[in-house]
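Welcome! Below are a few exercises with worked solutions. Keep the sequence and the 3D view open while you follow the steps.

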Amino acid sequence: MGLKALVIGGTGLVGGQLLDLLIADPRFDQVEAFTRHNTGFDDPKLVEHHIDFGDPATWRELLYGDTLFSCLGTTRGEAGGKPRQFEVDFVYQFNFAAGAAANGVRNYAMVSSAGADPRSMFFYMRVKGELENKVLKLPFRNISILRPTQLYGPRRSPRPAEERALSAVRTINKMGLMKRKSPVNARTVAAAMIEASLAGTGKNIYEIGDIRSLSATYNDRSIREFPESEIVALTEL
């Protein structure tokens, strides 16, 4: 019997790539996405639960599976202010993690951010750091926290400010500067999440170099072990 994945944030940049990989991965028999909107995928492996994240009583009993993948996140602008951003980035994510742990889900993988720190002077980094500290105390068998640098890839809704920042970072990178902070493809992060959830044990925090290595291992494995699957190795731009 194959594995069952639970996903939140499946309509986002990393989450969309994650769903695509999980659907193609023969080790997973079922993928359940918890979301407010349609994911855009149509596959017999995928079950969508359209939920109110703010009402745990309506979805907590659905959280049964092997791994919870958390890709949920927003920006202050999209959320409409810091309180709402905190609700999405911290409260919703932690409630899902706590609910899954209570139901016996063994593995947890979460997209955090480079620079996450509960003592950070920056609100976004502070929230990510606080969330990391809380989920690390939950009784999962395997906790994988990924801290990517700036993400790029196809988005449903454009983010002009992020696109300008991405362009600026790439220009700096071409000058040979800040290579350790170079942007990362969302599909690279998604592949790394799956590899970490299957291969890791204990509590692990993966920085950008680790993420790229995990993704390369996942892609190598997919080519070697799943020759008929739709998974293809990713070449970073």
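**Exercise 1. Is β6 largely enclosed by the rest of the structure or left open, and how many of its residues are buried?**

Before starting, note that this is a predicted model, in which local features need pLDDT of at least 70, side-chain atom pairs count only at pLDDT 80 or more, and totals for chains, interfaces and linings use all residues. Residues are numbered from 1 along each chain as its sequence is written, and side-chain values use heavy atoms, with hydrogens and water left out.

Step 1. Find the strand: β6 covers residues 142-146. Helices (H or I, at least four residues) and strands (E, at least two) are DSSP runs, numbered from the N terminus.

Step 2. Apply the burial cut-offs: buried means under 20% relative accessible area, exposed over 50%, and partly exposed in between (1.4 Å probe, protein chains only).

Step 3. Five of the five residues of β6 are buried, so this strand is largely enclosed by the rest of the structure.

Step 4. Look at the directions of the side chains. In a regular strand they alternate between the two faces of the sheet. Here Asn-142, Ser-144 and Leu-146 point one way, while Ile-143 and Ile-145 point the other way.

**Exercise 2. Work out which strands pair with β6, and place them in the sheet.**

Step 1. Two strands pair if DSSP finds at least two bridges between them. β6 runs parallel to β5, joined to that strand by five bridges. With β9, β6 also pairs in the parallel sense, over five bridges.

Step 2. Match up residues. On the β5 side, Asn-107 stands opposite Asn-142. On the β9 side, Ile-143 has Lys-203 as its bridge partner, and Leu-146 faces Tyr-206.

Step 3. Widen the view: the open sheet has seven strands in the order β3-β2-β1-β4-β5-β6-β9, with parallel pairing. β3 (46-50) and β9 (202-206) are at the edges with a single partner strand each, so one side of each has no neighbour in the sheet. On average, neighbouring strands are turned by 15° against each other, direction ignored.

**Exercise 3. Describe how helices α1 and α4 lie on the sheet.**

Step 1. Contact means heavy atoms within 4.5 Å. Axes are lines fitted to C-alpha atoms, for helices over the stretch in contact, and angles run from 0 to 180 degrees between N-to-C directions.

Step 2. α1 lies across β1, β2, β3, β4 (67-70) and β5, at about 155° to β2.

Step 3. α4 (residues 123-135) touches β5, β6 and β9, and its direction makes about 175° with that of β5.

**Exercise 4. Which residues have the most contacts inside the largest nonpolar core?**

Step 1. A nonpolar core is a set of buried Ala, Val, Leu, Ile, Met, Phe, Trp, Tyr and Cys residues joined through side-chain atoms within 4.5 Å.

Step 2. The largest such core has 32 residues, and Val-14, Leu-18, Leu-22, Phe-69, Met-193 and Ile-194 have the most contacts inside it. Its largest share, eight residues, comes from α6.

Step 3. Zoom in on Leu-18: leaving out residues up to four places away in sequence, Leu-18 touches Val-7, Phe-69, Cys-71, Ala-190, Met-193 and Ile-194.

Step 4. Another core, of 29 residues, lies apart from this one and includes Ile-51, Phe-94, Phe-123 and Phe-140.

**Exercise 5. Trace the salt bridges that link separate parts of the chain.**

Step 1. A salt bridge is a side-chain nitrogen of Lys or Arg within 4 Å of a carboxyl oxygen of Asp or Glu. A search of the whole structure finds nine of them.

Step 2. Arg-187 pairs with Asp-20, their closest N and O atoms being 3.0 Å apart. Arg-187 sits in α6 and Asp-20 in α1, 167 residues apart. Arg-187 counts as buried at 16% relative accessibility, and Asp-20 as partly exposed at 29%.

Step 3. Glu-195 and Arg-221 meet at 2.5 Å, N to O. They link α6 and α7, and both residues are buried.

Step 4. Glu-207 pairs with Arg-147 at 2.8 Å between the closest N and O atoms. Salt bridges that share partners join Glu-132, Arg-147 and Glu-207 into one network.
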